[in-house]
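Biologist: I should be grateful for a close look at a single part of this model, followed by a connected account of its surroundings. The structure is shown below.

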Amino acid sequence: MHRFLVSAAHKSSGKTTVSVGLAAALARAGRAVRTFKKGPDYIDPMWLAAASGRPCRNLDFHLSSPEALREEFARYGAGADVCLVEGNKGLYDGLDLEGSNSNAALARALDLPVVLVLDARGMTRGIAPLILGYQAFDPGLRIAGVILSRLGGSRHESKLRAVIEHYTEVPVLGAMHEDPQLAIVERHLGLMPVNEAWAANESSAARARIAALAEAAGKQIDIDRLLELTRSDAPLPAVPPLQASTCADTQRVRIGIARDEAFGFYYADDLEAMERAGATLVPFSTLRDARLPEVDAVFIGGGFPEVFMPQLQANVRLRNALRDALESGLPAYAECGGLMYLSRSITWRGETRRMVGAIPGDVVMHERPVGRGYVRMEETAAHPWGGGTPGEVHAHEFHYSSLENLDAGTVFAYRMKRGHGTDGAHDGIVRGNLLASYCHLRSAGGRDWAARFVEFVRRCKARTEARPAVTAG
């Protein structure tokens, strides 16, 4: 097995371009590639999953202990030829002075060598002390090699290789030249999600982009040398399989999940947790479907509804059907973009469009983030699902919008202890059987929200089926 962590000196160094290119090149060569992403990101994992042909898994210190991260890595990395972990930010960047949740800490926890991607624009001789400093800062961390990124040409590459060879003993594993044709489009929340590029009549362009990245990585990175330096003969530890709920077969429920260009922020782990708990996930499109599928509940995750405001507003039949179903008691859970869609309206760049109207508030987009980062919350008595674990709920938020004109009597499921949420003090709007939150949950760290939601749906379904039939006359 070959396993390694791809990190960088700082963000926006070309790390995702390298990671996606490597995953795609290795997969095209017939290797079973498992990808992982450090932190709570949704977008990079979409590209990594598309490149490798397998779901990408998130590894997050904020939600899981180091022991749990090792178990997750072993569970999903088992049987792979290559395990590629993409870091976030810089190698030593973290939330505390000790770097306890940094990329370096994750590499140590998982016993991974590091492939360091260096943005070499404008650099020549100065790259040597940079590499030497990164080695010296944590001698216990093994930097297997460096990949030079965003180079200006072959002459620039030759100078850098000569400097690194003369002053260091770190192998240069590759040199990716600056190429606008390989760049993945960025927007206010980061890279364009691959689900959007795939679905918006750009499928050939998105596939071509990944194919081009694979070809560039194959030509500009010494993949054989990289695999040689990241080989591990030690097997990953065996971990117990995840168990399905005892209700999974006999009391299944159908949950509609919004999956299209506008909504695609879902963790593979959470969706699998819902299925283990007894849910059949039924995808539907908020842009093209005129009606909801036959379901017992709805889950609308995050995304970019503001980008698709005209199309969402134009699908009047689905908006009305969804509002009527929620008002009639259909259980539903919505996160961030899903909350925005269920509001009365969204205003962005001077334009206002009508949305579902199930939440009595109006969304306004801003130039800067309103809520960004990890949050800590505690549940209130109004939380509709019940059966929660006492203590803090750890989650994350990243939204440029605020929810305004809310009714004074709005009921919330969470009190914010850290973070912004809906109004700086609360999050989790409760309307009947609907829970809508700006914060994103994750079924990790002993808090299996997915199973709780499925059980809530099951109880709601049982109550509905137990009601006596109403006959005419």
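In which sense do strand β16 and β17 pair, and over how many bridges?

Modeller: The model is a predicted one. Strand β16, residues 345-348, pairs with β17 in the antiparallel sense, and four bridges join the two. One place to look for this pairing is serine 345, which stands opposite arginine 354 of β17.

These two strands belong to an open sheet of four strands, whose order is β17-β16-β18-β21 and whose pairing is mixed. The edges of this sheet are β17 (351-354) and β21 (401-404), each of which pairs on one side only. From one strand to the next, the twist averages 20°. In a regular strand, side chains alternate between the two faces of the sheet.

The loop between β16 and β17 contains arginine 349. Arginine 349 has a positive phi, near 55°, although the residue is other than glycine. With a relative accessible area of 70%, arginine 349 is exposed, because the cut-off for that class is over 50%.

A second residue with a positive phi may be set beside it. Cysteine 336 is not a glycine, yet its phi is positive at about 50°. Its place is the loop between β15 (332-335) and α13 (337-342). Cysteine 336 has a relative accessibility of 7% and therefore counts as buried, the limit for that class being under 20%. Thus arginine 349 is exposed, whereas cysteine 336 is buried.

Glu335, which falls within the range of β15 (332-335), leads to the cavities. The search of the whole structure finds two cavities of 30 Å³ or more. The second largest has a volume of about 50 Å³. Glu335 is one of its lining residues, together with Tyr42, Phe265, Tyr266, Tyr267, Asp270, Leu271, Phe299, Leu441 and Trp449. By class, this lining comprises eight nonpolar residues and two charged residues, with no polar residue.

Tyr42, also in that lining, leads on to helix α2, which covers residues 43-52. Helix α2 is mostly covered, since eight of its ten residues are buried. These buried residues are Ile43, Asp44, Pro45, Met46, Trp47, Leu48, Ala51 and Ser52. Just after α2 comes glycine 53, with a positive phi of about 80°.

Elsewhere in the chain, strands β5, β6 and β7 offer an example of parallel pairing. Strand β5 (residues 114-119) pairs with β6 in the parallel sense over six bridges, and valine 114 stands opposite isoleucine 143 in β6. Between β5 and β6 the chain passes through helix α5 (residues 127-137), and this β-α-β crossover is right-handed. Strand β6 (residues 143-151) is itself mostly covered: of its nine residues, eight are buried.

Strand β6 also runs parallel to strand β7 (residues 172-177), to which five bridges join it. Within this pairing, leucine 148 has alanine 175 of β7 as its bridge partner. The connection from β6 to β7 goes through helix α6 (residues 154-167), and this β-α-β crossover is right-handed. To return to the part first requested, the pairing of β16 with β17 is antiparallel, whereas β6 pairs with β5 in the parallel sense.

Conventions: Residues numbered from 1 in each chain as written. Heavy atoms only, no water. Pairing = 2+ DSSP bridges. Axes fitted to C-alpha atoms, helices over the stretch in contact; angles between N-to-C directions. Buried < 20%, exposed > 50% of the residue type's maximum accessible area, 1.4 Å probe, protein only. Right-handed = clockwise from strand over helix to strand, strands pointing away. 1 Å grid on protein atoms, 1.4 Å probe; cavity = no way out; pocket = protein on both sides within 12 Å on 5 of 7 lines; lining within 4 Å. Points joined across faces, edges and corners; volume = space filled by probe spheres on them. Nonpolar A, V, L, I, M, F, W, Y, C, P; charged D, E, K, R; others polar.
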